[in-house]
Amino acid sequence: MPLGEISCIFFSEFHPTAGPKIVYQVPENYISKDEFDTVHVYIITKPQLKDRIITIDVLGHKIVGCPVYIENPKYDRNKLIFNLCFVFDCQTNTLRYESVVKKLAGYLTTLENESGFLSSEETKKQLPEILTKILEELNRCGVCLIPIDQSTAIHLKVTGDHLDPGQVHNHDVPIYEPRAKYDISKWDMATQQYSNVYVTTPDINSLLEDKQLQEECLNYISRPGQTANLHHVLTLYCGLTAGTTVKDICARHNPHCYGIDVRKLIQFGLMRGLIRHLQKYPVRVPNDDSVGNLRNFYKWFNGNHCYDEICCLTGLSQQELDDIVENDSNIVICWK
Amino acid sequence: MTKSSIRSPKGPTVVNGILMGYSDDVLANLLTVKAKLCASKFELKIDDVVFIGHPLLLHPVSQETAKRELVTMISFNVVIALLAPIDREILMCYHNLTKQLAIALRHEERRCGLLSEQKRTIWSIQDEIAARPEDSQESPYGPILEKCRLSQQLKHVYDELCSSGVVQLYINKWVHINWCLPHKLHNLYMKDTSHTDTPTHVARPVFRPQKFLIEALRPYHGMLLLIDATTLLDSLPIDASPSLVRLIKVTSPFKSLQTLASDADISLRQVYQLVGHLVYWRKATIIFPLCEANVYVLSPNINTFVNSSLVEKCEESFPNVSLPVILSEFSVPSSLGDHKDVLGLPQQQAQEVQVVTWLLQHGLLVQLHTYVLMTPKFCKSWRQTSHHSVGTDDITDRTRLLSSNSDLNSTASDDSYSLGGRSLEAICDNEDNGPWCPQPEQILAGIRAMRNNKIGALDNQEELTLLARLCPYFDGKHHLEEIMYAENIRRSQLLTILDKFRDILITSQHEDPVISAWLYGAGIKRSRTS
């Protein structure tokens, strides 16, 4: 079983006389009765834990389930308790399957509430077949569609894990992923700032090693109708150092002649982490003398705010801010 | 049954350090495991909370019913509750702590009945409170914490987990627990110096200490102690390795690990292990030994806040130095040599070195190294053709090279014909047989092609030979210092080569990823947008 795939799916319920048990599993006997008895407290749980996504990682298995309680006087003991669980190898990162398990629990609840799907032996018998399909399809392509009856079908999709995106500041600038399909030619990218300073990161090496990245880069940064070459691209990227603005680089190398669109070159470098932006932080060294009409601005000069942020929030232009900073000998600049 | 639940500081189901939404009996039901699950890792995740623990049987199964006393205490579990998602490696680190604690507790139970005794204390408090009239009942946990040593020790563990990430104590004044969460140790440092307040074990790129420890170290690296050597020596346990003591005594930021090995008379391999150990516990960090040519710049994640505690700390160590001013001076890369005031008094020069050392110790500076990239147009594309499908650029480049070579050949003697097509084939064929070491003639041919046959100052055969020898290092992964070390050449020789062949060699300046990994996680990649 390749890592990351579902090893087994089982349907368990609380039997009115026999207690917690596995009713169906595919493949059969994957989880032994003995193993189930050891962990059933995490599968057919106390009512306080109903509808929670529970993962138990013991005995070399990782079992992901979501216990369901349906209360209705028609059932023995007035409730139906079941849990449809996915089983994985204990090394698997199961986070991306959690929403599938939860959704499936929801489907079964609806099916039971609407047509007594689980309480009628006739329809319940279809479960092994359904579970087999889910197991095979999800392992094969991560998506499955299983018709149950004329009006109901089960749609499942395994989604990728995503880290939460970072915090967005007012002075941040949106940029379009070239791998996604957008027509960016019609967008006004008011982001062109030649006074910005960038530096290379150790990842710049990937441009030498990764053929695909090279091609992607050359396609993205070449001017229309021209093809830039990697030598010039690397020369420009590596020319970016602290203390050198993009304007300086342009003056030094004339990227236009190399068929390179500098704005796109910078964008690509930022998106792929080949370069990073150095921000300018004005810091006012604590001092008694202050210039009266500028005192309002001092709160921005505590080292926590960069130029982009200050300009964005105060409405000052970079030039006006530069003037203030340069005329106050107590203000120093940190680039980071 | 004894259970302790240590709670992580924040999250939707963990509020103000308290695990919310679980009644005591539900927790007891979940965390008291069957005998079969004992003596191995226990991991349970419910929505956003991960419970990690190590349940143990108190006595071997056969003796279970031998004594009457045991019927009431068969197994116990030490569990830590954490907010998910959490990196696997960090989780395993926490598991290791629960395991250490559980084994220590079982040892103490067997030695002197610690758990049974503490259990009786807890039960009597609970009974006493339950017996009170209803209006004067209170939670039993306050009084338990007051009277029960076990609770106090577990609370101590919890407090240390939340604050420092280092847990060092004697359970029942007998069993020594010695544990740290290196991720937290190293990130805590970050938290102190950065104003971004990301939860330490979620958003940060995770760095994997064990993988870095030995294999990334090189003889030319150095070690910088983060605390005073005497304090460090005093803090070592009595049974610490004598080699470690010798190593710490000879350590200096000016020495390479190789020098340290010979000064302390231990093998380099052992130095790596000891250094790895010190770095893991955040007693030291890895640097390149201090020298005048070293270039430093501000570390990208530092806190430039003017009222930070660092500013005060800096003033304490160097009363005449203003941290913001020093930081602004290092905003542009500058070498230790640049920064030293040549006209200054020797004491002033010494202080400059001390300031830089201090800045390095506090993670405020990173060293920039110069790496050399030989452009793909010149040679790299030949190397890659055997590993990747041939791109059109490659073909164009190769044809361009070949045709210009044949131009050359038409005017050259028969001998030099071999510089053309055939030798290129040979290069391609040889690729998989170890590193690519072109002959000077091949390099020459390539350069001719690049320079459209204007060879100029290329006659110096010695330089060509050296260039050819150094080619394998020009892949952007070897900094100048490493090349100098590996090939035993002087900086001036190397700089001459870089200058002479600057049209085919590109230099790039950035930090040594091995060193920066210790400063801010697994490389700088994630911090690129901040």
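**Exercise 1. A charged pair between the chains**

Task: Find the salt bridge that Arg52(A) makes with a residue of chain B, and place this pair in the interface of the two chains.

Solution: Start at Arg52(A), whose side chain meets that of Asp47(B) in a salt bridge, with 3.9 Å from N to O. This distance passes the test because the cut-off for such a pair is 4 Å. Keep in mind as you look that the model is predicted. Next, widen the view: across the interface of chain A and chain B there are 6 salt bridges. The interface also holds 19 residue pairs in polar contact. On the side of chain A that touches chain B, the residues divide into 30 nonpolar, 16 polar and 14 charged.

**Exercise 2. The extent of the interface**

Task: State how many residues each chain gives to the contact, and how much area the two chains bury between them.

Solution: Take the residues first. Chain A brings 60 residues to the contact, and chain B brings 65 residues. Then turn to the area: about 5500 Å² is buried between chain A and chain B, and carbon and sulfur atoms account for 58% of it.

**Exercise 3. Strands that pair**

Task: Work out which strand of chain B is joined to strand E3 of chain A, and in which sense they run. Then examine the pairing of strands E8 and E9 of chain B.

Solution: Begin with strand E3 of chain A, residues 54-58. Strand E4 of chain B, residues 42-46, is joined to it by 4 bridges, and the two run antiparallel. For one pair of partners, pick Ile54(A): its bridge partner in E4(B) is Ile46(B).

Now move to chain B. Strand E8 (residues 166-171) and strand E9 (residues 175-180) pair in the antiparallel sense over 6 bridges. Here Tyr170(B) stands opposite His176(B) of E9(B). The hairpin of E8(B) and E9(B) has 3 residues between its strands, and Asn172(B) takes a positive phi near 55° in this hairpin.

**Exercise 4. Val197(A) and its surroundings**

Task: Is Val197(A) buried or exposed? List its contacts beyond four places in sequence.

Solution: First locate Val197(A), which belongs to strand E9 (residues 197-200) of chain A. Its relative accessibility is 2%, so Val197(A) counts as buried, the limit being under 20%. Leaving aside neighbours within four places in sequence, Val197(A) is in contact with Thr241(A), Ala242(A), Gly243(A), Thr244(A), Thr245(A), Arg276(A), His277(A), Leu278(A) and Trp335(A). To finish, try a distance: the C-alpha atoms of Val197(A) and Arg272(A) are separated by 17 Å, while the two residues are 75 apart along the chain.

**Exercise 5. Backbone angles in loops**

Task: Describe the peptide bonds that lead into Pro27(A) and Pro85(B), then look at phi in Asn254(A) and Asp265(B).

Solution: Take the prolines first. The bond from Val26(A) to Pro27(A) is cis, with omega near -15°, and Pro27(A) sits in the loop between strand E2 (19-26) and helix H1 (33-39) of chain A. The bond from Ala84(B) to Pro85(B) is cis too, with omega near 0°; Pro85(B) is found in the loop between strand E7 (75-83) and helix H2 (88-112) of chain B.

Then come the phi angles. Asn254(A), not a glycine, has a positive phi of about 50°. This residue lies between helix H8 (246-253) and helix H9 (262-271) of chain A, in a loop, and is partly exposed, at 37% relative accessible area. For Asp265(B), phi is positive and near 55°. Asp265(B) lies in the loop between helix H10 (257-264) and helix H11 (268-280) of chain B, and a relative accessible area of 64% makes Asp265(B) exposed.

Terms used: Residues numbered from 1 in each chain as written. Chains lettered and ligands numbered in written order. Predicted model: local features only at pLDDT ≥ 70, side-chain atom pairs only at ≥ 80, totals over all residues. Heavy atoms only, no water. Contact = heavy atoms within 4.5 Å. Buried area = accessible area lost by both parts, 1.4 Å probe. Polar contact = N/O pair within 3.5 Å; in protein donor to acceptor, adjacent residues only side chain to side chain. Nonpolar A, V, L, I, M, F, W, Y, C, P; charged D, E, K, R; others polar. Pairing = 2+ DSSP bridges. Buried < 20%, exposed > 50% of the residue type's maximum accessible area, 1.4 Å probe, protein only.
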